[in-house]
Amino acid sequence: MTPPPGIRFGTAYYWEYQRAPDLGRDLDLMARAKIDTIRMGESVWSTWEPRDGVFALDWMTPILDAAHERGMKVLLGTPTYAVPPWLQREHPELAVERADRRRIPWGARQEVDFTSPVFLRYAERVVRAVIGEHGGHPAVLGVQLDNEPGLHLIHNEPVFERFKTWLAQRYGDVERLNEEWGLTYWSHRLAGWEELWRPEGNTTPSYDLAWRTFQAELTTEFIAWQADLVRELVPGDRALTTCLAYQRPALHDVRLSEHLTVTSGNAYYLPQDALVHDDADAPAEISWFTTTPAGLFQAADRMYASRQDRFWVTETNATSIAGSQLNLPPYDGQLRQAAWALVARGAEMISYWHWHTLPYGAETYWGGILGHALEPGRVYDEVAALGAELDRAGDDLTGLTPDADVGFVYAHESKWALGFQPPLTLDGRSPDPDSYERVVAAFYQGAADAGRQAAFMAPAQFKRLPTIVVPALYCLSEGFAGELEAYVRDGGHLILTFRTGYADEEARARTEVAPGPLRALAGVRYLEYSTLLEPVPVRWPGGRDVARHWADGLEPEGAEPLAHYDHPHFGRWPAITRHRVGAGTVTYVGTLPGRRLMVELFRRDAPDSSRLVVADAPQVSVHSAVNVRGERLWFAHNWSGHESTVTITGPATEVTGRREALRPGPLRLAPYDVRVVK
Amino acid sequence: MTPPPGIRFGTAYYWEYQRAPDLGRDLDLMARAKIDTIRMGESVWSTWEPRDGVFALDWMTPILDAAHERGMKVLLGTPTYAVPPWLQREHPELAVERADRRRIPWGARQEVDFTSPVFLRYAERVVRAVIGEHGGHPAVLGVQLDNEPGLHLIHNEPVFERFKTWLAQRYGDVERLNEEWGLTYWSHRLAGWEELWRPEGNTTPSYDLAWRTFQAELTTEFIAWQADLVRELVPGDRALTTCLAYQRPALHDVRLSEHLTVTSGNAYYLPQDALVHDDADAPAEISWFTTTPAGLFQAADRMYASRQDRFWVTETNATSIAGSQLNLPPYDGQLRQAAWALVARGAEMISYWHWHTLPYGAETYWGGILGHALEPGRVYDEVAALGAELDRAGDDLTGLTPDADVGFVYAHESKWALGFQPPLTLDGRSPDPDSYERVVAAFYQGAADAGRQAAFMAPAQFKRLPTIVVPALYCLSEGFAGELEAYVRDGGHLILTFRTGYADEEARARTEVAPGPLRALAGVRYLEYSTLLEPVPVRWPGGRDVARHWADGLEPEGAEPLAHYDHPHFGRWPAITRHRVGAGTVTYVGTLPGRRLMVELFRRDAPDSSRLVVADAPQVSVHSAVNVRGERLWFAHNWSGHESTVTITGPATEVTGRREALRPGPLRLAPYDVRVVK
Amino acid sequence: MTPPPGIRFGTAYYWEYQRAPDLGRDLDLMARAKIDTIRMGESVWSTWEPRDGVFALDWMTPILDAAHERGMKVLLGTPTYAVPPWLQREHPELAVERADRRRIPWGARQEVDFTSPVFLRYAERVVRAVIGEHGGHPAVLGVQLDNEPGLHLIHNEPVFERFKTWLAQRYGDVERLNEEWGLTYWSHRLAGWEELWRPEGNTTPSYDLAWRTFQAELTTEFIAWQADLVRELVPGDRALTTCLAYQRPALHDVRLSEHLTVTSGNAYYLPQDALVHDDADAPAEISWFTTTPAGLFQAADRMYASRQDRFWVTETNATSIAGSQLNLPPYDGQLRQAAWALVARGAEMISYWHWHTLPYGAETYWGGILGHALEPGRVYDEVAALGAELDRAGDDLTGLTPDADVGFVYAHESKWALGFQPPLTLDGRSPDPDSYERVVAAFYQGAADAGRQAAFMAPAQFKRLPTIVVPALYCLSEGFAGELEAYVRDGGHLILTFRTGYADEEARARTEVAPGPLRALAGVRYLEYSTLLEPVPVRWPGGRDVARHWADGLEPEGAEPLAHYDHPHFGRWPAITRHRVGAGTVTYVGTLPGRRLMVELFRRDAPDSSRLVVADAPQVSVHSAVNVRGERLWFAHNWSGHESTVTITGPATEVTGRREALRPGPLRLAPYDVRVVK
């Protein structure tokens, strides 16, 4: 399929939220900023259908027409994530029940059990009305199905009953379930499905993993249902997508995205000093926003991974995000830095959330391109300058596919299982339910520090990059272990970490000697492991750093020790080993290394490629991607408030700025600058 | 009205809580300490009415008689805040429901929905019985109506239904509400009042402000109802009051006090090192207790403001307050310091809570003048010495009206709105619901550090002091903006801060350029603002300090910059500006300045007055007030454990101590000393 | 009764939890490690009775037979703490209700109201079945009744109704209750039992103490009922016990243990650096696990105290305990250290929990002697070496009775009362509900630092050791005060602390001058006391340290001051006083002293005894116990990673190691070593 030309530059546009909207002025201001795509309509079911069965659909037409006149495209949303008060009142039983059976109170959005046939009947009617009316408008680029699905685990009784059916289909009979989940333990053996306890009090890991898997499937099923419905209503060239918030608890982005024509997602980040390079040992925060430059790149790489394809950023910071207490407008240049970072990693659309800052509602302090005063200001100017720059870059950006040196295997099942039984603590005592993301982020940061580019992949999406990291893949199948082995034998560089392979697909600790199906491959075994309550010094030939949080008691069985703990007790075990197998190597990392050791690790295990642009300082990152014409673009970011440089190693042309030819040698980067060359 | 002579010196006296009470001994000990007022009876409905309709009223008579014999006065309470078990059992539906509809369990007090007609029927009967029986006794000085009202927001269904009616009266129809509250957002548009969602899940700021306003009105209405009822039952010269706990969530002290003849309130403070002057940048805690000397003065000034008149302190520390884990008896001298501080700011009565420390119940560790052993000890001796001193001061203290250099505008609406959408964080992430009080306290501390005396006023009580501070007045009306402008034009010195005027009376962010209706007056505008996650250096001609928490991006439009951020990004904007308008000035403070900068600010903006007594050191405060004879008294406190001095600038007589004539020159203050001169 | 020979060495063995159990291999591995006792069967009611009334009892027989063949004994459990799903489903009303009336959800264990006649009917049937079938097997050493009882306070309505009856029996009528509990306060006076409020909202200390006492009685009653039942079913020589988790909220171990033939309990501790001697001022954590060497000894001494007799450790660390995030396998030697420490303090059995680490269930990360791989590793080797060593020590260990220099009076009533009204804070503000344990642990640590051995005793178990500490015995009866006085007069050394005697048996503050009934005995009084928010320097002849958390304002009345605060305010009062009475002394400690002062205190007040083994360094502890032959054994632990020594003062033979004769002089202790001599 021919990729669309250049990059789509957009914003969410809520005309209907304004008290005195001025459609022409808004769209003209957008056009001036080279905004060519607007996203609309997804939040106002009560405007589309103010009373049960009474529809008001016309208000959107002038906006579509006005956009069309200006050559702008529209991403049109179905409004099903925000149900109207009348529906809440007619069907209070639709409210999502929490684990404790208490209903989530109305007052925000996404409070309904979207699996309910009652809800689906109303949802279908409004989708048919809205999309039927407007989906064929020539301005419509595509349809967004619902919004940020998977916010809640749904504990309503019908859903729990479906869970029993789902289990029965998976396990056949309760005896099998008793066996697989180990229900002899603590007298949990069931004599029939009706005896299954509800999730609230559950303490069984296999149960929790099944429940989480089932909940994510409900979300996928709902979006698939909408996709099928909308497909009937719109011309075949319209994109079907939904805006994903990747940290939603009931979301499996890969499975869900199979039903979309393009992945869309949020890329929110904390700007100001949180988007500046530092040397702290704390990894990026990866929640509904990210911190650090590496965190932002990681978010982009996760989006690419959903369909292993270019993606749309349907929401990213225009300015401050979040609540009234955390207002962080970007420093000059940071909006531009973030946009180019996303483009570098495969974003086909950069769309800000949102056009105008709302004077009321929960998101009053979630800033738009225009502030409350609706006056263009510094942010508008930065957006407009960026819009012009992207526009000038034009076809250079068409179909950009990001390069990757290192693959990261990422699996929701292990994330969920380690959320239930976390390996790390926050404070030396209590479990950190985000342990999985912390481990992944620490290794991702290591790759970034070493100047390596990464790609994510689910086990089912496995592809053979030169180096593959499998961090904390707790629930490892034997099949995937076999794939990893073949990869290594054929010359791959595999990096395994503590907890990888410790459990099976039921989140049961394996009863083989650890790391179970990876033992022979890694050439190492362990019979014990320890939490590290304090950092432990670790040394390797030529370097020293610390190890944190965890230490597997590694006993080499063919592997060579690479780094050692400096400790009376832990010193008996290596911290890291490497094993040559066939044409490849397997590095086993039994701890969470500090950043210096991480760099050492990735420099050794991830072969460097030849580069047109080379970073001269740690605060500079260089990424590359290849466009539809086969040209490789190089993106050099200066993530600091000081001037920095990169070195150009051959003749090049700048894609940003004045698009001039550049000679080999140092290239200056202003504070918070980014320069793209090809 | 002629003020009563001197100061009333009192204590709450719970004869009925003693297992072996000795009335004569108690009252004689009080008389020896010059205690002339006791407060009684408000907590024991189950003693007044042990069974439904069965009353026991006689037990109070001997106490009233014994007080009268000794010339002591009684503040008699109605017992409606503590309902008896039989009423709880007969009417379990009276229990207050929390937002989540769960009933507050019985076991403390103030657990009932006092708006219920069922409750009001019982309450009226017991008030008629008790006050009818005793209200006319010659010892009775006045009646306290209920106690510390407004503890809970009441979510019972009848109250929620009344809220809908209240909204209908305010807004007319739901279309207007949809418009004003912005209910298009997230599909919240209502088709009828019956569709209004309950408060639990609410995310709409305007809704929350309405709900809080409504709840405070319920409290006012209840006290007004009791006032009307009691007025029928007692002679016309009896005072009607209630004891206010100013931090109650459902309290608007100004509106409520319109129905009283005198304001009464709690003035609890942490003593020991928390009542010592320090230079820390943390402002006073202003919760049910205060910290720091400035915190105590602020509490007193808030009480004066309720009716812009002298007030009664019905509760203040005798010794340790609070729970079993926080026992802080005052250092020698601190009780005396606190009492004179309250007198200096308009207290007409100082009444300790309470006479004897209770051996049982929730407040076992809330100490009285007598400890558990009921033996006079150090605290009794301090109270008695103070009683004697106040008695000697006698008429000098009659009708004391506190002086004020600086007025602080304080508005519950802005407090509530900023409680829902707080501008400050506690920890760099989560919102601080007490943001409003923190901003107010920081500026109050600044005035205190600069040696300026303050007065509080609600917008409706506006009066023209030489300097007026309007801190964080988020919900600013256009009308009040006009009043401020007129004040400045006529020569006033106005200090505005970040968040002042940002929103309108519906807690909506204004859609004009900020600071909205104050923009022209302040001569400054801003299109953006930022949270400061770390303190940012700030400098002005001749000084340096830090700015914290917030920075408005101030663009002068006629105003002159006074202080600047020292920061690559924020440095482009001034931190503080000043604008001359007419005969006055407007200083706009876009951040939360450190204490040095605050002093600079108040020294410049609040003209100093000539003083008989001048502080020689930061740990010394000097306050002044004018008595009914027109004499100005000067109160000099040494808030430290070291000797300090003040300087007397003219001939004076001491009101404290030996009441001798003093010559101009240094006057010595012992550790924790206070000396009053005229 | 003749004590059994040597020490029982055991493990919990859950054959039924294995997916592919190998009974012979398991028992042979155990036998190789000299394990002679296994504990079984207590957790699998749903295996014993898979459906209502359908029993499967045979599976245990081969295990019992196999154990018997190898000369191993079995502690057989009744399964009543883990009810099967079918019972939960048939009787949902059995779920324990929390204070807020919400049912504890199924999914773990111990979720039922064991007082319910419905439950007891089912429990009796399964106990009769299981114990009737297997209790007479010759391998059965005894029966464990239920497991770790007292996990929840039970708030179900029938229990609350029984509580009213219980109160009526104790107090006669509500007037008496009104009087004793002070219910005049806050209108809580009752007119009848039906008016009693439920515990959720309770604020009355006496109510809470009664409720806690009642709840512990329910637990005792349940175990007593099972004991009577099982006694009918097994031969008379079988032990009856239950495994106690000492921190359970509804447990009075002394009262409960009256119904057992031997005390059993958990002795979990954090190993690694948490089991190393340090000088920090923080006392041991005493929760479901302990920290520090002194914490472990304290746990053992508490177990001895339950019946003032030797005890079984039915659960102790094999390796990591607790959750997935806190894996702390012991350092080499620590398992051995812990076991010998428990033996030194009277453990007659050391039984590990558990044999094999479970691959599923809530306790997946609670490690067994074998890890998940079921391979013998470092832990198995350490256990086996220890088993051999204990076996070699043989009869030397028979009937070992621990020595004690210092008695600690420990009372659940004071623990509960100070849990409701804690004297200490965690953070300078909020109450620490574990205040009582913190005070006890700090004084216990002091005794340990001074090289003194301790014994615990409830007031009802009072016995006259040379020195008795009565820490924070808040609820002191007059009778016990009299016992203490007689003890001192006859030559005892009594150490009293702040809060001791402050309240009476109803948890009411006493209305006599403090310390109430101990005032004359202590020769000191106080009328006030203060929280110390910061440590205050304290000095005594020859030393300095700090005082923390609390200061009684001690006024000597015959006592001699021993240590003083160095503080402008607190300096007026001594921190510690000593009073000579008759042939003894009373030391009153008005604060929580630092460790140096504690050592000074115990060195003065606890006479040293002559010792065969003397510690040469603070990291070395020496304990002693006398065996059935009257020989005194000395246990020297080196709680550090460095070599240390003790000094042997006379001829000795080693019981550990090579059991050789030792000459007087220094005896070397390797890192984490323990050596036992006689």
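# Backbone exceptions, interfaces and domains

Lys34(C) is partly exposed, because 17 other C-beta atoms lie within 10 Å. That number falls short of the 20 that a buried residue needs. Lys34(C) sits in the loop of chain C that joins helix 1 (23-32) to strand 2 (37-40). Its phi is positive, at about 65 degrees, although Lys34(C) is not a glycine.

The model is predicted. It scores ipTM 0.96 and pTM 0.97. Chain A has a mean pLDDT of 97, and 100% of its residues reach 70 or more.

## Backbone exceptions

Why do positive phi values and cis bonds deserve a look? Most residues other than glycine have a negative phi, and most peptide bonds are trans. Several places in chains B and C are listed here.

| Place | Angle | Value |
|---|---|---|
| Lys34(C) | phi | about 65 degrees |
| Gln272(B) | phi | near 55 degrees |
| Gly451(C) | phi | about 75 degrees |
| Trp353(B) to His354(B) | omega | near 10 degrees |
| Ala514(B) to Pro515(B) | omega | near 0 degrees |

Gln272(B) is a residue other than glycine, yet its phi is positive. It lies in the loop of chain B between strand 7 (263-267) and helix 10 (292-307). Is Gln272(B) buried or partly exposed? It is partly exposed, because it has 17 C-beta neighbours inside 10 Å.

Two peptide bonds of chain B are worth inspecting. The bond from Trp353(B) to His354(B) is cis. His354(B) belongs to the loop between strand 9 (347-352) and helix 12 (378-393) of chain B. The bond from Ala514(B) to Pro515(B) is also cis. Pro515(B) is placed in the loop that runs between strand 14 (493-497) and helix 16 (519-522) of chain B.

## Helix 14 of chain C

Helix 14 of chain C covers residues 435-449, which makes 15 residues. Does its length agree with or depart from the expected span? At 1.5 Å a residue it should span 21 Å, and its end C-alpha atoms are 21 Å apart, so the two agree. Of its 15 residues, 14 are buried, so the rest of the structure largely encloses helix 14 of chain C. An α-helix has 3.6 residues a turn, so residues three or four places apart point the same way. Gly451(C) follows just after this helix and takes a positive phi.

## Glu195 of chain A

Glu195(A) is found in the loop between helix 7 (174-181) and helix 8 (205-233) of chain A. It counts as buried because it has 21 C-beta neighbours inside 10 Å. The cut-off for buried is 20 or more. Which residues does Glu195(A) touch, leaving aside those up to four places away in sequence? They are Leu190(A), Pro85(C), Trp86(C) and Arg89(C). Ala341(A) is 146 residues away along the chain, and its C-alpha atom is 52 Å from that of Glu195(A).

## Symmetry and interfaces

How is chain B superposed on chain A? A rotation of 120 degrees does it, with 0.1 Å of shift along the axis and an RMSD of 0.0 Å. The two copies are thus related as by a three-fold rotation axis. Within chain B, Arg102(B) comes closest to this axis, with its C-alpha at 6.4 Å.

The contact between chains B and A takes 43 residues from chain B and 45 residues from chain A. On the side of chain B that touches chain A, helix 8 (205-233) and strand 15 (524-540) of chain B each supply at least two residues. Strand 15 of chain B gives the largest share of that side, five residues.

Next comes the contact of chain C with chain B. Here 43 residues of chain C meet 45 residues of chain B. The elements of chain C that give two or more residues to its side are helix 8 (205-233) and strand 15 (524-540). Strand 15 of chain C provides the largest share of that side, with five residues.

## Domains of chain A

Chain A is divided into domain 1 (406-605) and domain 2 (613-677). Their C-alpha centres lie 33 Å apart. An unreviewed UniProt entry annotates residues 404-604 of chain A as "domain: Beta-galactosidase trimerisation". The span of residues 404-604 of chain A is 25% helix and 35% strand. Its end C-alpha atoms lie 16 Å apart.

How values were computed:
Residues numbered from 1 in each chain as written. Chains lettered and ligands numbered in written order. Predicted model: local features only at pLDDT ≥ 70, side-chain atom pairs only at ≥ 80, totals over all residues. Helix = DSSP H or I, 4+ residues; strand = E, 2+ residues; numbered from the N terminus. Buried ≥ 20, exposed ≤ 12 C-beta atoms within 10 Å, placed from the backbone. Contact = placed C-beta atoms within 7 Å. pLDDT = per-residue confidence, 0-100. Least-squares fit on C-alpha atoms with pLDDT ≥ 70 in both. UniProt positions renumbered as here; feature names shortened; annotations may be inferred. Expected span 1.5 Å × (residues − 1). Domains from an automatic or database assignment.
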